[in-house]
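Here's a quick briefing on how one protein chain packs together. Have a look at the fold first, then walk through the points below.

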Amino acid sequence: MPGDDDLDFTSPSAPAAPEAPATPSAPFKAARSPFYKAEVAELIFRSAGKAERYVAGQAIFAEDEKVSGGGIFSMRAATRMYFLAEGEVALSIDGRPLDTVSKGEVFGEMAVISERPRTATATAKTACVVHSLSADELRAALATLPDFALMLMSVMFDRLRFIAARLATRRATIAVRQPEAPVFDAALLAQLEGALAQPMPARYAAGASIMREGQAGVVMYVVKSGRVSISLGANVVEIVGTGGTFGEMALVDQSPRIASAAATEDCELLSIDRAALMGAVKQQPAFAMAMLRSIADRLRHMNAQLG
């Protein structure tokens, strides 16, 4: 497995947000992130996971499959994510074609990261060879190569940009996502702050603007106290409470912010740049797993708004 210096997830120019298709097909599919590298993903899956083979027509996993497993599907299938080394895999929802996974792509990561039921069924279109990772194997890989977390985030962020572009063209009210379980609970938040070489807390009064849509970004934020509203255009789409995060896309590609953020009450935030986060994740992979889980939940919420 390569070391940190062998990888470069940066780009000389930030990618434009993916355009929404003229007709609705896959509800969340976006162009592959320019920061995703199939060769890096394959090295990680090969070294940390295990190889599996499927014949054409064989189910790899099924929608609504619980993380704990059940029925004819084993717990192994419900708790693994996949890298497709050979062949093609069909994704479907309620029997309707959703998308085709091609060689070099990762799939099934949402259920593993979010610890929620599968939202689609994966079936081998042709004879396939995949390499799979469990949540524990993913955590071990992140401790060795924390940049892999940013690569996974980049794929999710491309989907978020795609959904945001489609929602921006709609006039329907978007359901506001309220704080549920925090990304970082009190103990993990304290560990994160302790792991940062130079914590950079910032305080904002109620009503203050924190970031604006279209601005360049180089840091993400973690809410230490208070609440922050996230808006797409004039629509508030999320309220972030203590232990929550926002602005993570800046750590991957430094692209323009796709949303605005404002303090809804007096708040204190941790400002974290890429280098600081990667150093913290090496010490504690749970930081990356918590962030990935939050982004997956955000993606599910935004995707649901498309109906």
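Let's start where two helices meet: the axes of helix 4 (residues 135–144) and helix 9 come within 9 Å and cross at roughly 120°. Keep in mind that this is a predicted model. With an angle like that, helix 4 and helix 9 are oblique to each other.

**Helix 4 against helix 9**

- Helix 4 passes helix 9 in a right-handed crossing.
- On the helix 4 side, the residues that do the touching are A135, L138, R139 and L142, and they meet A288, M289 and L292 of helix 9.
- Sort the residues of this contact by type and you get six nonpolar, no polar and one charged.

**Helix 5 against helix 9**

- Helix 9 (residues 286–304) also packs with helix 5, this time at an angle of about 20° and with the axes 10 Å apart.
- Why do we call this pair roughly parallel? Angles under 35 degrees count as roughly parallel, and the angle here is about 20°, so helix 5 and helix 9 fit that label.
- The crossing of helix 5 and helix 9 is left-handed.
- Helix 5 brings A149, L152, M153, M156, F157, R159, L160, I163 and L167 to the contact, while helix 9 brings A288, M291, L292, I295, A296, R298, L299, M302 and N303.
- By type, the residues in this contact come to 15 nonpolar, one polar and two charged.

**Two residues to find on your screen**

- Is L150 buried or exposed? L150, which lies in helix 5, has a relative accessible area of 1%, so it's buried.
- Skipping residues up to four places away in sequence, L150 touches L251, V252, R274 and M278.
- L150 and A288 sit 138 residues apart in sequence, yet their C-alpha atoms are 8.7 Å apart in space.
- P285 has its place in the loop between helix 8 (274–283) and helix 9.
- Buried means under 20% relative accessible area, and P285 comes in at 13%, so P285 is buried too.
- Which residues does P285 contact, leaving aside its neighbours within four places in sequence? They are R139, L142 and A143.
- The C-alpha atoms of P285 and A140 are separated by 7.6 Å, with their positions 145 residues apart along the chain.

**The nonpolar cores**

- In soluble globular proteins, nonpolar side chains tend to be buried together.
- The largest nonpolar core here has 78 residues, and the members that touch the most others are L138, F148, M153, F184, V228 and F246.
- Which helix gives this core its largest share? That's helix 5 (residues 147–168), with 13 residues.
- There's also a second, separate core of 15 residues, with F61, L91, L98 and A124 among them.
- For a feel of one busy spot, pick V228: not counting residues up to four places away in sequence, its contacts include I210, V223, E238, I239, V240 and F246. V228 also touches A261, A262, A263, T264, C267 and L269.

**The whole chain**

- The protein has nine helices and 16 strands.
- How many residues are there, and what share counts as buried? There are 307 residues, and 50% count as buried.
- Among contacts between residues at least 6 apart in sequence, 82% join residues at least 24 apart.

Key
Residues numbered from 1 in each chain as written. Predicted model: local features only at pLDDT ≥ 70, side-chain atom pairs only at ≥ 80, totals over all residues. Heavy atoms only, no water. Core = buried A, V, L, I, M, F, W, Y, C linked by side-chain atoms within 4.5 Å. Buried < 20%, exposed > 50% of the residue type's maximum accessible area, 1.4 Å probe, protein only. Helix = DSSP H or I, 4+ residues; strand = E, 2+ residues; numbered from the N terminus. Contact = heavy atoms within 4.5 Å. Axes fitted to C-alpha atoms, helices over the stretch in contact; angles between N-to-C directions. Parallel < 35°, antiparallel > 145°, perpendicular 65-115°, else oblique. Left-handed = near helix turned anticlockwise from the far one by under 90°. Nonpolar A, V, L, I, M, F, W, Y, C, P; charged D, E, K, R; others polar.
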